[in-house]
Every structure is written in structure tokens, then in C-alpha cells.
Amino acid sequence: MRRRVKYGLSVLGALICSFGLQGQLVIDEDVIGLETDHTGGFLGTGMSFADFNGDGVDDLSFGHHEGELKFYIGQGNGFVPIELDLVMPDAQSKGLLWADIDNDGDQDLFVAFRLAPNKLWINEGDMQMVDVSATCGIAQDNRRSFGPAYGDYDRDGLLDLFVSNYGYAVDVPPGNELYRNLGNGQFEDVTEEMGMGGTNLQSFQASWMDADRDGWLDLHVVRDRLIYPNLFYHNKGLITGEAVFEEEAAMRGLDVSINCMSSSPHDFDRDGDLDLFVAGGLEGNELLQNNGDGFYSAVTSEILAMYEVCWSGQWMDVDADGWEELHVATGTTDYIQYPAVLMDNPNEPDELFVNVSGSFNPPGSLFQAESTLSFSTATGDYNNDGFIDFVSHKIGLAPEVRSGTANGNNTLLVLLHGSESNADAIGSKIELWAGSDYWYRETYAGEGYLAQNSRWEHFGLANHMVIDSIQIHWPLGLIETWYDVAVPAQLELTEGSSCVPSCIGCTYEGACNFTPDAQTDDGSCDFSCLIADLICGTGLIWNPTTAQCEDPCPADFTGDNQVDVSDLLVMLGAFSSFCP
């Protein structure tokens with residue numbers, strides 16, 4: 001296990017001192033120098049919060065309506081621009097994704113364009129980017145491409161690519177694109193072979209997700225129009241032994257027919273499966289709850305429906321209480337003529353919904369909305385304080401940057417590295433247990449509207465000080481577990497690096513510190529938790545330091561399990577009396 005802990009005891013002490021304060025997502029005026037020039041185009045342009053130079057710190061990348069993309073390197077307290085010398089078409093860029101598509105340890109870049117050929121650059125090391133668009137196998141015609149998404153649907157250790165296109169019947173070719181990764185930076189078009197062709201699909205975005213947790217990635221594809229239901233391609237690989245897709249949106253309750261802009265899978269109710277938020281237009285958003293078997297039920301509350309023109313939905317635990325809030329970006333469908341578009345749409349604030357044990361409420365002081373026209377949004381942790389940060393690629397000259405404020409709760413950030421699986425471990429599952437609490441997460445490359453979040457997975461843990469176990473389900477099937485992780489912390493976990501099969505520890509199942517993965521006993525077995533039951537009487541506990549049974553609360557003279565004034569009165573009443 002590669003483990004990097006960035007939050008020391010001084011920070012932890014400061015957090016503890018502030019316990020009881022409510023976290024907030026506030027605009028950070030100290031982040032300066034970010035220029036995006038989002039002053040034109042149609043239906044927004046994309047962004048990424050992913051680390052692209054490999055230093056472990058989140059970076060920022062912004063699309064542009066004339067192909068003038070902006071890139072900024074994270075410094076831990078701000079950003080500095082970097083020129084990558086990429087030749088772009090003079091066209092609207094849409095979604096952009098950083099991912100290690102050739103498994104060589106660095107990040108390659110894919111950019112989707114509306115009415116211009118899509119582009120792929122291979123990183124040859126040290127951010128030396130080589131344009132392979134014309135030779136890598138991706139189409140080079142002028143499509144209306146919007147949202148790309150990576151996922152290893154055939155489980156061969158290579159990231160495959162899906163591109164959502166807003167195709168009309170008159171477009172040739174008209175539909176979406178699925179590319180199988182052949183290795184060495186080469187792709188082949190398997191759209192028709194995998195049954196994902198079609199016309200009038202009008203798709204902004206798709207999400208790779210394992211809806212039924214069978215180990216094979218499925219694909220949810222949104223469609224924009226009330227007459228076109230969303231699509232869900234179920235991967236039958238568990239049955240067939242190889243990737244085979246069947247469209248099953250209707251039978252699974254996923255055939256939502258709205259002006260759908262994006263979808264955001266997440267386990268909002270913490271029951272171990274992926275639910276789905278679908279952003280829509282004036283007819284309302286949809287929240288779909290997984291029934292536990294990959295079939296879905298609509299559970300949209302009136303507050304979540306919103307009935308606005310909504311674009312990106314992002315899940316984030318702002319107050320680190322263990323329950324992820326939902327941020328929804330609102331914008332416009334007008335062609336952007338800045339600054340007139342702001343005056344034409346003067347009251348369009350984004351919304352944040354507080355997650356209270358699976359129910360959603362207004363944000364209170366967690367989030368003070370401002371009227372911004374937003375499309376693509378993303379989350380990360382640019383200041384390395386463990387609390388979630390947020391950036392909106394809003395209309396204007398610069399983005400909206402918000403930082404999460406510490407409130408005394410603990411956090412854990414996890415970054416996965418694949419070895420046999422794809423290098424970015426996209427499509428992994430993360431399960432956490434702490435006491436009676438449980439969390440489930442899947443990892444993505446392409447989520448929300450034209451967006452990519454940080455590859456660091458963020459977990460709010462409330463007041464937990466230790467994670468009992470972290471279990472990783474790697475994309476190719478290996479399952480590994482790490483135990484007793486102190487928090488707050490950042491962890492980098494590499495596939496195959498847990499102690500299995502050469503673990504040492506306590507192998508006796510009856511011991512208090514039994515280690516399930518241990519094959520060799522190291523003599524550390526502890527039985528102190530059993531001694532109290534065998535030797536100590538009712539109300540007493542075993543103290544291994546003094547080797548005695550002791551009263552855990554000797555000052556509780558009244559026996560009401562608390563020490564208060566009544567116990568003091570008992571003690572004072574007995575003061576100066578003689579013992580027989």
C-alpha cells in the first residue's frame with residue numbers, strides 16, 4: 001500500500017477545537033488568476049478537476065467556445081497557468097477528459113468538439129503531448145459531440161471510450177460512438193457491433209456504472225426531448241463471459257422521458273448500490289433509487305424537481321457528516337452573447353440540497369447561492385485540507401471557485417492505482433466500514449454534464465477517528481482489504497499491494513484482534529475483551545495495564561451512569577465519617 005498522510009496532528013487539533021461548527025461551501029476570493037473567457041458558444045463547455053501532471057494535486061482544465069482551452073496546475077493553495085501547445089480547431093469544445101488510456105503512467109487528453117473532429121493527445125511523459133487523432137481510430141468527421149466517458153466495459157485492463165453525440169436524423173453519421181481500446185493508443189469503432197447505434201438519439205452525456213454490481217460495467221445514456229426516453233445498456237458479461245449489451249431501460253425503470261441534460265450515479269442512501277440523479281428542464285429533475293438489484297424506482301421530491309433548466313448534478317459531502325449533498329447547476333438554452341445573456345437571465349441561482357440520512361432539505365447556511373448561469377461543474381480538493389471544493393465553469397470571464405470549510409468532522413481521501421486493471425482504476429468499487437456506518441462508491445472518468453471530477457474519492461466521516469476496513473473491488477475482479485486506517489488522511493492504494501497472501505497477525509478467531517487475512521500468527525493475539533466476561537463482575541471492566549477488574553465510573557455513587565451534583569452530595573454526606 002502506498003499511503004500518503006497529509007493531515008498532521010496540528011490540523012486535527014484545530015479541527016477538534018472547531019467541533020460543532022457547520023461546514024460551508026463558500027466562494028474563495030483568494031483564488032486569483034483563473035481566466036476562462038466563457039463568453040460565447042451554445043449550451044456551455046466542459047471542465048476537469050483531475051490531476052493531469054501526476055503530482056497528486058488537483059489541477060483545472062477548462063473548455064472554450066472557440067477552442068482556446070485553458071489549463072492550470074494546482075499548487076496546494078491556488079493555481080498557475082501552463083501552456084501545453086495543443087493545436088485546436090476553431091470550434092466549440094465540449095467535454096474533456098484526462099485518463100491514462102495506454103497504461104504508461106501519465107495522463108492523456110481527449111476533447112470532444114461540436115461540429116469539428118474530436119481530438120486525442122497521448123502524453124509521452126513530462127506533459128509532452130502528441131496529437132494522434134488522425135491515426136488512433138476515432139472518427140474525424142464533424143459531429144455534434146458533447147460528453148465523453150471512459151470505462152473498461154470488456155474487462156481487458158484498457159479504458160474504452162463512449163462519446164455522446166447530439167445527433168439529428170439529417171446528420172451523417174447520426175448516432176453516438178463506442179470505441180474499444182486495442183492498446184498502444186489505438187481504438188476501434190464497435191458502436192454497431194455492441195448494439196449502441198441509432199438515429200435521433202440527441203445525447204448530451206452517458207455514465208458507465210455497475211447498476212447490479214455483477215462486476216461488468218453498464219451504460220446509462222441520457223436523451224434530450226420529452227419524446228425520447230433515456231437508454232440503459234445492461235452488460236450481460238456475467239452470463240456470457242464476454243461483454244454483450246442489451247437495452248433494458250424500460251424494464252429497469254430507467255426510461256425517463258424529459259429534456260435530459262445529464263445523469264449522476266451515486267449511493268445517496270448508503271445502502272450499497274448506485275442510485276441516479278437525472279437533470280432535466282422545466283418539466284423537472286428525476287431521482288431514481290436502486291431497489292438493490294439494478295432495477296429503479298422514482299423517488300423525486302418536490303424540492304429536487306426544481307422545474308428549472310438544469311445541467312450538471314454533483315454529489316459532495318460539504319459538511320463531512322457522511323451524507324453527500326447534491327448540487328444542481330442551472331443555466332440557459334440561449335446562445336451565449338456576453339454580457340447580455342446575464343441581463344436576460346437575472347435570477348438563475350444554482351441549488352444545493354442537504355442530505356439528511358437520505359432525505360433532502362434546503363441548504364441553510366451550507367451554501368449561499370448566487371445568480372450564475374452554470375453548465376459544467378466539478379469537485380476536488382485544491383487546498384489539500386480534506387474538505388470538498390467546487391468549481392463552476394459558469395458564463396463569464398472567470399469560474400466560480402468555492403472551498404469547503406472545516407467543521408471538526410473527519411475526512412478520508414482515496415486515490416486508486418491499477419496494475420493489472422486500467423492504470424487509473426476507473427470502474428473500481430470502494431466500500432468503507434466504521435463502527436455501524438457504511439459507504440459505497442464507484443470511480444468514474446466523465447460524470448455530470450461535460451465534467452470530470454478529481455480522481456481522489458472524498459469521504460466525509462463525521463466524528464469517526466478510525467476506519468475499520470476499506471475494501472477495494474478492482475475492475476478485473478481482485479478484492480483487497482485494508483484495516484484500521486486512522487483519519488483524517490489521504491491514501492493512495494495500488495492494486496495487489498495489500499498484504500494478502502503473506503499477511504501476518506493474530507490468526508485465532510476467538511481473539512479480540514483477530515485478523516481475517518492473516519496466514520502467519522505473529523503472537524499478537526489479545527484476549528483482554530474476553531477476560532472481562534470471564535472474570536469481572538457486572539459493571540466492571542478489565543484494565544490490561546493494572547491487570548485488574550475496575551469500575552469504569554468510580555465516582556458514580558448514585559448508579560445512574562453519570563457523575564453530577566447528586567454524586568457530589570453523596571460524597572459530601574460521607575465526608576469525615578469513620579469506616580468500620
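**Two sheets, two domains, three odd backbone spots**

Let me start with one pair of residues. Asn290 stands opposite Tyr296, and Tyr296 is in strand 22. Keep in mind that what you see is a predicted model.

Now the strands around that pair. Strand 21 covers residues 286-290. Strand 21 runs antiparallel to strand 22, and 3 bridges link the two.

Step back to the whole sheet. Which strands make it up, and in what order? There are 4 strands, ordered 19-20-21-22. The sheet is open, and the pairing is antiparallel. Why is one side of strand 19 and of strand 22 left without a neighbour in the sheet? Strand 19 (262-266) and strand 22 (296-298) are the edges, and each has a single partner strand, so one side of each has no neighbour there. From one strand to the next, the twist averages 25 degrees.

On to the second sheet. This one is also open, with 4 strands in antiparallel pairing. The order is 2-29-28-27. Strand 2 (25-27) and strand 27 are at the edges, and each of them pairs on one side only. The average twist here, strand to strand, is 25 degrees.

Look at the strand 27 end. Strand 28 takes in residues 389-392. Strand 27 and strand 28 are antiparallel, joined over 4 bridges. One bridge to point at: Gly380 has Asp389, in strand 28, as its partner.

Next, the domains. Domain 1 spans 25-411, and domain 2 spans 412-521. How far apart are their C-alpha centres? The answer is 24 Å. Domain 1 puts 74 residues into the contact, and domain 2 puts in 46.

What about area? About 4200 Å² is buried between domain 1 and domain 2. Carbon and sulfur atoms account for 50% of that. Three residues lead on the domain 1 side: Arg270, Asn410 and Thr411. Together they supply 17% of what domain 1 buries against domain 2, more than any other three residues.

Now the specific links. How many salt bridges cross the interface of domain 1 and domain 2? There are 4. Elsewhere on my list is the pair Arg213 and Glu431, a salt bridge with its closest N and O atoms 3.5 Å apart. Polar contacts between the two domains come to 36 residue pairs, with both residues at pLDDT 80 or more.

Which elements of domain 1 give two or more residues to the side that touches domain 2? They are strand 3 (47-48), strand 7 (92-99), strand 11 (145-151), strand 15 (206-209), strand 19, strand 23 (310-316) and strand 27 (377-380). Strand 7 gives the most, with 6 residues. Note two entries in that list: strand 19 and strand 27. Strand 19 is an edge of the sheet I opened with, and strand 27 is an edge of the second sheet.

Last topic: backbone geometry. Most peptide bonds are trans, and most residues other than glycine have a negative phi. Here are three exceptions to look up.

- Tyr338 and Pro339 are joined by a cis peptide bond, with omega about 5 degrees. Pro339 is in the loop between strand 24 (325-330) and helix 4 (340-344).
- Val487 to Pro488 is also a cis peptide bond, with omega near 10 degrees. Pro488 is in the loop between strand 36 (479-486) and strand 37 (489-494).
- Met306 has a positive phi, near 65 degrees, and is not a glycine. Met306 is in the loop between helix 3 (302-305) and strand 23.

One link back. Strand 23, on the far end of the Met306 loop, is among the strands on the side of domain 1 that touches domain 2.

How values were computed:
Residues numbered from 1 in each chain as written. Predicted model: local features only at pLDDT ≥ 70, side-chain atom pairs only at ≥ 80, totals over all residues. Heavy atoms only, no water. Pairing = 2+ DSSP bridges. Axes fitted to C-alpha atoms, helices over the stretch in contact; angles between N-to-C directions. Domains from an automatic or database assignment. Contact = heavy atoms within 4.5 Å. Buried area = accessible area lost by both parts, 1.4 Å probe. Salt bridge = Lys/Arg side-chain N within 4 Å of Asp/Glu carboxyl O. Polar contact = N/O pair within 3.5 Å; in protein donor to acceptor, adjacent residues only side chain to side chain.
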